[in-house]
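Please examine the sequence and the model shown here before reading on. The explanation is intended to be followed with the structure open for inspection.

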Amino acid sequence: MYLSFTEATGGLGSVDPTMRAIGAPTIVSVSPPKGPPAGGATVTIAGTGFRNGATVEIGGVAATNVVVVDGTRITAVTPTHSVGPVDVVVRNDDGLAGALRGGYSYVYPAPPRITLVSPSSGWETGAVLMTITGTGFQPGAAVTIGGTPAFNVTISSEATITATTPSHTPGVADVVVTNDDGQAAV
């Protein structure tokens, strides 16, 4: 290990606060910079000096599925953590580490919102393919129509879900999308 020395400017005993171990990794960004407290989000860490075998800590907790893509990029899956900004640390196999203070924030996702259901009517026997448009749909979201689960639910994106209607008595029925975190839209 080598150290970088600079001339002290404040008299004897002063140390340059920018002094760091040469060869330590540096982190310049985390993308996306925020995610759910449940964890499970894949992030890309950009920086320099990343080595095979590096580990990642997010908020003091080990990330999983850490892959050193190259010396400037690492992908990892976030652990669970309470809401708020946290530090991201990359530690190489030689023990040298770099940190990005407040580099990632755990936030509650916005609740889902339904803006359109098409078609807006169907047969009482069900089996109608419908498209739900809106915002905030998460992977694993459930769809119910009049309290009965829909079939073949596919979350195409954060804004689009397709599902097959169940059978239902004639009349108006609520369409509800419920994300894994329990937040729902009617």
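The paragraphs below treat confidence, the sheet, the salt bridges, the aromatic pair and one loop residue in turn.

The structure is a predicted model, and its confidence therefore comes ahead of its geometry. The average pLDDT of the protein is 87, and 88% of the residues score at least 70. Residues 1-20 have a pLDDT that stays under 50, and for this segment the model has 14 contacts beyond four places in sequence. Where pLDDT is low, predicted coordinates should not be read in detail.

The next topic is the sheet. An open sheet is formed by 5 strands in the order 4-11-10-6-7, and its pairing is mixed. Strand 4 (34-35) and strand 7 (61-62) occupy the edges. Each of these two has a single partner strand, so one side of each is left without a neighbour in the sheet. At one of these edges, strand 6 and strand 7 pair in the antiparallel sense over 2 bridges. The residue pairing there can be located through Ile 58, whose bridge partner in strand 7 is Val 61.

Charged side chains come next. A search of the whole structure yields 4 salt bridges. One of them joins Asp 93 and Arg 51, with an N to O distance of 2.9 Å. Asp 93 belongs to the loop between strand 10 (84-91) and strand 11 (97-106), while Arg 51 belongs to the loop between strand 5 (42-48) and strand 6 (55-58), so this salt bridge ties together parts that are 42 residues apart in sequence. Arg 51 has a relative accessibility of 37% and therefore counts as partly exposed.

Another of the salt bridges connects Arg 101 with Asp 87, at 3.3 Å from N to O. Because Arg 101 lies in strand 11 and Asp 87 in strand 10, the pair ties together parts that are 14 residues apart in sequence. With a relative accessible area of 64%, Arg 101 is exposed, whereas Asp 87, at 30%, is partly exposed. Salt bridges with shared partners also join Arg 51, Asp 93 and Asp 94 into one network.

Arg 73 and Asp 70 likewise meet through their side chains in a salt bridge, at 3.2 Å from N to O. Arg 73 has a relative accessible area of 38% and is partly exposed. Asp 70 is partly exposed as well, with a relative accessible area of 30%.

How many aromatic pairs does a search of the whole structure find? The search finds 1 aromatic pair. The ring centres of Tyr 104 and Tyr 106 are 5.1 Å apart and the ring planes stand at 80°, so the arrangement is edge-to-face. The cut-off behind this assignment is that planes over 60 degrees apart count as edge-to-face. Both Tyr 104 and Tyr 106 are buried.

A final stop is a residue in a loop. Thr 165 is located in the loop between strand 17 (160-164) and strand 18 (175-178). Is Thr 165 buried or exposed? Its relative accessibility is 14%, and Thr 165 therefore counts as buried, since the cut-off for that class is under 20% relative accessible area. Leaving aside residues up to four places away in sequence, Thr 165 touches Gly 126, Ala 127, Val 128, Met 130, Ile 145 and Phe 151.

Technical notes: Residues are numbered from 1 along each chain as its sequence is written. Side-chain values use heavy atoms; hydrogens and water are left out. pLDDT is the predictor's confidence in each residue, from 0 to 100. Contact means heavy atoms within 4.5 Å. Rings of Phe, Tyr and Trp (its six-membered ring) pair if their centres lie within 6.5 Å; planes under 30 degrees apart count as stacked, over 60 as edge-to-face and the rest as tilted. Buried means under 20% relative accessible area, exposed over 50%, partly exposed in between (1.4 Å probe, protein chains only). Helices (H or I, at least four residues) and strands (E, at least two) are DSSP runs, numbered from the N terminus. Two strands pair if DSSP finds at least two bridges between them.
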